[in-house]
Amino acid sequence: MSTKEKVYDILKESGSNFISGEEIANRIYVTRAAVWKAIKSLEKEDIKIEAITNKGYRLMETEKIINKAAIFNEINTEYAEFEYLKDIHIEAFQTVGSTNDLAREYANNGEKEAVFIADCQTKGRGRKGRDFYSPTSTGLYMSFLLFPHTDFAHATNYTCMAAECICRAIKKVTGIDTKIKWVNDIYYNDKKIAGILTEGIASLEDGRLSHVIIGAGINIYTPYDGFPDDIKKKAGALLANNVDSEVRDRLAGAIIGEFYKSYKEPDKYPFFEGYKEKSMLVGNYVKILPYGDSKEKNDYALVTGIDDECRLLIKYEDGRTDALSSGEVSVVKY
């Protein structure tokens with residue numbers, strides 16, 4: 001390999017992080033002048049490189065557009081035996097307000113299931129109305145529109161199903177094992193890399209769900225400018241920026257394939273045991289956060305399991321037990 005090629009590979013490996021000319025030179029046993037010459041040669045080939053004094057060099061982020069053809073290729077190649085996937089309606093966008101909002105608008109036009117995927121969201125949201133940071137080119141934002149015709153009480157099951165299926169898809173495409181923080185977050189290396197928001201519309205007459213929208217946001221790569229200050233301590237990314245350009249599209253296809261297997265054939269492809277196995281809470285102490293604006297003190301409890309209704313089973317210090325069907329908890333060293 002030429003010096004130019006070696007320098008380019010190191011920059012790719014560094015992703016959004018700066019690397020000094022001195023470190024590059026030491027790694028490939030050349031002078032800093034040779035590194036500078038290689039950088040200039042790469043720039044002549046229209047490779048965008050940012051250089052900052054006392055920080056070094058890094059590749060400037062290039063736009064990665066969602067490729068619908070690549071998504072279908074993953075589905076048709078890896079899930080060809082599942083006939084129902086051939087009829088799935090998929091829409092892909094560059095920038096949207098929210099994929100969940102698109103799904104809701106689409107639901108008003110009839111009972112046709114669909115998947116909405118976007119490269120960027122300007123109004124992405126998580127639980128309790130929180131914003132979900134959804135920058136361009138580094139994440140995967142998608143929503144499933146379903147018409148399950150089931151009881152509203154089972155809405156949480158779809159969140160758990162989606163979480164477990166996303167973990168399966170990540171493992172299938174990247175080989176990476178991830179964990180689930182009850183009820184709707186996915187973690188890797190102790191950092192949150194994905195969140196799920198399930199919204200259900202129920203009939204007032206019989207309490208049954210007319211439709212369900214499952215939104216998922218996944219941090220594939222670290223954003224070029226990093227995560228915002230309010231989330232950078234807990235947010236993480238699945239991959240460095242040196243993987244093949246189709247990994248995001250392949251992951252979207254795998255998530256669709258894995259999810260519909262469990263959704264359409266729950267007896268053959270159950271999600272619940274996998275969800276429990278991937279739990280990062282069972283056996284750990286957690287802090288149970290008060291609901292809403294409640295001023296009640298935080299409670300601490302040991303997580304003993306997850307029941308068949310996807311409720312978190314806990315045991316307080318005084319021996320009391322409970323089954324949480326909603327709310328928030330955080331892991332503590334206790």
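In the predicted model, helix α2, which comprises residues 21-28, has G21, I24, A25 and I28 among its residues as buried positions. Viewed down the axis of α2, these buried residues fall within an arc of 100°, and they therefore line one face of the helix. The elements that cover the buried residues of α2 include helix α1 (3-14), helix α3 (32-44) and strand β2 (56-59). Directly after α2 comes Y29, a residue whose phi is positive, near 60°.

Helix α3, one of the elements covering α2, was examined in a similar way. For its 13 residues, a rise of 1.5 Å a residue gives an expected span of 18 Å, and the end C-alpha atoms of α3 lie 19 Å apart, which agrees with that expectation. The buried residues of α3 are V35, A38, I39 and L42, and because they cover an arc of only 105° around the axis, they are placed on the same side of the helix. An α-helix has 3.6 residues a turn, so residues three or four places apart point the same way. On the other side of α3, by contrast, A33, K37 and K44 are exposed. The buried residues of α3 pack against α1, α2, β1 (49-52) and β2, and α3 is followed by D46, whose phi is positive, near 70°.

Aromatic contacts were considered next, and the structure holds eleven aromatic pairs. In one of them, the ring centres of Y79 and F82 are 6.3 Å apart and the ring planes meet at 40°, so that the pair is classed as tilted. Both partners are shielded: Y79 counts as buried because its relative accessibility is 2%, and F82 likewise counts as buried at 6% relative accessibility. In another pair, formed by Y260 and Y263, the centres are 5.8 Å apart and the planes stand at 75°, which makes the arrangement edge-to-face. Y260 and Y263 both belong to helix α7 (residues 247-264), where they are three residues apart, about one turn of the helix. Y260 has a relative accessibility of 0% and therefore counts as buried, while Y263 is also buried, with a relative accessible area of 15%. Together with F144, Y158 and F259, these two tyrosines, Y260 and Y263, form one aromatic cluster.

A further contact of an aromatic ring involves a charged group, since the charged end of R320 sits over the ring of Y316, at 4.2 Å from its centre.

Terms used:
Residues are numbered from 1 along each chain as its sequence is written. This is a predicted model: local features need pLDDT of at least 70, side-chain atom pairs count only at pLDDT 80 or more; totals for chains, interfaces and linings use all residues. Side-chain values use heavy atoms; hydrogens and water are left out. Buried means under 20% relative accessible area, exposed over 50%, partly exposed in between (1.4 Å probe, protein chains only). Helices (H or I, at least four residues) and strands (E, at least two) are DSSP runs, numbered from the N terminus. The arc is that of the directions from the helix axis to the C-beta atoms. Contact means heavy atoms within 4.5 Å. Rings of Phe, Tyr and Trp (its six-membered ring) pair if their centres lie within 6.5 Å; planes under 30 degrees apart count as stacked, over 60 as edge-to-face and the rest as tilted. A charge sits over a ring if NZ of Lys or CZ of Arg is within 6 Å of the ring centre and within 35 degrees of the ring normal. The expected span of a helix is 1.5 Å times one less than its number of residues.
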